[in-house]
Amino acid sequence: MPQDKLVAAADDEIDLFELWNTLWRSRRLIISITAAFALGAVAYVMLAPPWYSANVLLAPVKEKTPLGLAGELGGLASLAGIGSAGTISVEAVAVLKSRDFARAFIEDQALLPVFFADRWVRWKLGDPPDLRQAVKFFDEDVREVNEDRKTGLVTLSIEWKDPKLAAAWANLLAARLNEHMRQR
């Protein structure tokens with residue numbers, strides 16, 4: 001092996017004692033940076049407004065199947081995920097996550113001023129937020145929909161600053177979804 005490769009291989013080693021000495025000499029800097037970030041985190045937790053979560057557990061309605069061989073085959077099909085209850089559940093989740101459903105809810109409840117209260121002064125000057133911005137905010141920050149594929153249960157979560165308002169929105173969305181699915 002050539003001499004320059006041996007020198008390069010020796011330079012690649014890590015000296016733990018030297019590393020420890022470097023860290024020990026910089027201990028005040030490390031402690032002060034850690035303390036600054038810890039104080040910043042505590043200040044944020046104390047000053048940030050609390051957000052509350054309201055959860056609604058939705059279960060799809062099971063259709064009654066006729067007795068006999070057709071009923072047994074329907075039961076087997078639903079176990080395999082082919083049955084109509086699975087289709088209804090997928091459709092209900094799709095409706096609940098849809099932008100049109102969110103847009104109609106935001107319009108009916110007049111939530112633009114609620115979502116964008118900090119922009120109220122600019123609204124009076126003629127720069128109102130767009131309904132698309134409200135739907136995007138609702139999708140990303142307020143509403144969350146999760147489906148458990150094993151049980152078919154759907155969890156609707158609403159996160160907001162006011163717990164009563166979050167609960168009211170969650171219950172209202174569940175009722176609107178029920179009505180929408182009944183009409184279909």
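Which residues are exposed on the other side of helix 10? Point 3 below has the answer, and the other points fill in what surrounds that helix.

1. **Overall layout.** Please keep in mind that this is a predicted model. The protein chain contains ten helices and three strands. Following the sequence, the elements come in the pattern α-α-α-β-α-α-α-α-α-α-β-β-α. Of the 184 residues in the protein chain, 23% are buried.

2. **Helix 10, buried face.** Helix 10 covers residues 163-183, 21 residues in total. From first C-alpha to last it reaches 30 Å, close to the 30 Å expected at 1.5 Å a residue. The buried residues in helix 10 are Ala166, Trp169, Ala170, Leu173, Ala174, Leu177 and Met181. Looking down the axis of helix 10, these buried residues fall within an arc of 130°, so they line one face of the helix. The general background is helpful here: an α-helix has 3.6 residues a turn, so residues three or four places apart point the same way.

3. **Helix 10, exposed side.** Back to the opening question: Lys164, Arg182 and Gln183 are the exposed residues on the other side of helix 10. Lys164 also takes part in a contact at the start of the helix, where a side-chain oxygen of Asp162 comes to within 3.3 Å of the backbone nitrogen of Lys164.

4. **A salt bridge inside helix 10.** Arg182 turns up again here, as the salt-bridge partner of Glu179, with the closest N and O atoms 3.3 Å apart. Both residues belong to helix 10 and sit three residues apart, about one turn of the helix. Glu179 has a relative accessible area of 38%, which means that it is partly exposed. For Arg182 the value is 59%, so this residue is exposed.

5. **Other salt bridges.** How many salt bridges does the structure hold? There are eight. Arg99, Asp139 and Arg143 are joined into one network by salt bridges that share partners. Another pair is Arg132 with Asp130, whose closest N and O atoms are 2.5 Å apart; you may like to look at this one in your viewer. Arg132 counts as exposed because its relative accessibility is 66%, while Asp130, at 30%, is partly exposed. Glu147 and Arg149 form a further salt bridge, with 3.5 Å between the closest N and O atoms. In that pair, Glu147 has 26% relative accessibility and so counts as partly exposed, whereas Arg149 reaches 68% and counts as exposed.

6. **The sheet.** The three strands form an open sheet in the order 1-3-2, with antiparallel pairing. Which strands stand at the edges? They are strand 1 (52-58) and strand 2 (143-147). Each has a single partner strand, so one side of each is left without a neighbour in the sheet. From one strand to the next, the twist averages 20°.

7. **Strand pairing.** Strand 1 pairs with strand 3 (residues 154-160) in the antiparallel sense, over seven bridges. One concrete place to check the register is Tyr52, whose bridge partner in strand 3 is Trp160.

Notes: Residues numbered from 1 in each chain as written. Predicted model: local features only at pLDDT ≥ 70, side-chain atom pairs only at ≥ 80, totals over all residues. Heavy atoms only, no water. Helix = DSSP H or I, 4+ residues; strand = E, 2+ residues; numbered from the N terminus. Expected span 1.5 Å × (residues − 1). Buried < 20%, exposed > 50% of the residue type's maximum accessible area, 1.4 Å probe, protein only. Arc of directions from axis to C-beta. Polar contact = N/O pair within 3.5 Å; in protein donor to acceptor, adjacent residues only side chain to side chain. Salt bridge = Lys/Arg side-chain N within 4 Å of Asp/Glu carboxyl O. Pairing = 2+ DSSP bridges. Axes fitted to C-alpha atoms, helices over the stretch in contact; angles between N-to-C directions.
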